[in-house]
Amino acid sequence: MSLPASDLSKQPDMRTTMELGAVLPRTAEVRDGHLFIGGVDMVELAREQGTALYVFDEADVRARMSEYREAFAARYSQSDIIFASKAFINKAMVRIVDEEGLCLDVSGGGELARALATGFPAERVFVHGNNKTPAELEEAMRAGVGRIVVDSRIELARVSEIAGRLGITQDIYMRITPGVEADTHEYIKTGCEDSKFGFTMLNDFAYTCVGTALETPHVRLVGLHCHIGSQIFALHSFREAADVMIDFMARVRDGYGHTITELDLGGGLGIAYAADDQPPSIEEFAEVTCTAVREACARHDLPLPRLLVEPGRSLVANAGVTLYTVGILKTLPGIRKYVAVDGGMSDNIRTALYHADYEPTIANKADQPRTEIVTLCGKHCESGDAVVIDMPLQQADLGDIVCVFGTGAYCYTMASNYNGQPRPGVVFVRDGQARVTTRRETYEDLYAKDL
Ligand code: LLP
């Protein structure tokens, strides 16, 4: 795979780093030409810790978590915010989620194990996945997780069998595919009809399965769930999903005489990857979803369910950045200018996978305008290995520290060891202090599992 041809007419961007808007972590500032986050000099941090390096603005993450909590609490009687840990997880983040009073979405046994090893309360864990193995289900139930989001009829039977064997009654949600087409990348759409996730509403399948669930022993159907996709800017998609779900809850009440008391509308709120992106705010998202749920319940004379949302990206993406060192410069006249960094598709697969946009800056030249259009390529053996394609950057020199914004979600968790690249470490910065929360992998880590 090679890169799309460079757009040679693209103009440089005379904005300085601090003018890049919503892509910046909230505590970003420039002092004497250096980029600071959390009061820490990114140039010094890169030299101390080495690159590539993931850095999180801890105050920013905490602020977004409390914004979500308060935005829903201010508009709705009973709500919970569940952090989708697939976006980013390490023990430090799990502790923050706990301290900020959020719940945790895990989508497999590994995420669950890490949460439990950190001491996260199992009753605030929500277990997701379209093919949870029997072993994963049993681990979750033995740990006493709060809710299992059941994805299929086969899984319903499995959960019932395991719960019976353990002598418990497991609270479950059913994941419904609401048939709402969200306006986002094909690969991260999930709510439309052709989806491997959830119970389809086609041919009344989901409705019939609710009846089955209500008669299934050892499970208690307390809620419904949907997730229509990710990186969504169009708030009306969330309103449509809420409408469909509440219409469905009303049918369940009328048909089965059963009131569903919890509704989880999933995650998906989009964020700014490019400086000109204007995603809706957390407040706007809360306003649309809470209003939609309230109005739809009023229409059907349904009691308000407990309302839950499951954001991942919008809590952590813009709080995180990746630091790299410039190692090679290569100009192909009339084609493109390459700036090669000491990472790439192993620490950020999103550019190769989705052609994602990212804004870069040079952390040691952060007060200078970005006068060149470059491709930040990685060090991997693939032509498509790029972190940033055709974006403005300051004139780069060897040894410069490049900071790529907006990499806090789905980069570390999708990282690989391709070409034997050890995964970068993760540093949290706050109030002038930097703490390593996950150490950089070593070469020994790469072969420690080999027998
Ligand atoms: N809940 C469920 C059931 C999900 O599947 C997801 C994301 C979320 C919540 C969180 O969605 P968010 O708020 O982060 O949009 N690797 C892709 C994203 C895949 C999202 C998968 N599910 C990317 O890098 O863009």
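Modeller: Let's start with a term: a polar contact is a pair of N or O atoms within 3.5 Å. The model here is predicted, so local features need pLDDT of at least 70, side-chain atom pairs count only at pLDDT 80 or more, and totals for chains, interfaces and linings use all residues. Residues are numbered from 1 along each chain as its sequence is written, and side-chain values use heavy atoms, leaving out hydrogens and water.

Colleague: What makes the pair between the side chain of Tyr354 and a nitrogen atom of the ligand a polar contact?

Modeller: An N or O atom in the Tyr354 side chain is 2.9 Å from that nitrogen. The limit is 3.5 Å, so the pair counts. The side chain of Tyr410 also has an N or O atom 2.7 Å from an oxygen atom of the ligand, and by the 3.5 Å limit that pair counts too.

Colleague: How much of the ligand does the protein cover?

Modeller: The protein covers 91% of the 590 Å² of accessible area that the ligand has on its own; such areas come from the Shrake-Rupley method with a 1.4 Å probe.

Colleague: Why are β1 and β3 called edge strands?

Modeller: The sheet is open, with the order β1-β2-β3, and β1 (29-31) and β3 (40-41) each pair on one side only.

Colleague: How do you know that β2 and β3 pair?

Modeller: Pairing needs at least two bridges found by DSSP. Strand β2 (residues 34-37) and β3 have two bridges, in the antiparallel sense, so they pair. As for bridge partners, Phe36 has Asp41 in β3.

Conventions:
Polar contact = N/O pair within 3.5 Å; in protein donor to acceptor, adjacent residues only side chain to side chain. Helix = DSSP H or I, 4+ residues; strand = E, 2+ residues; numbered from the N terminus.
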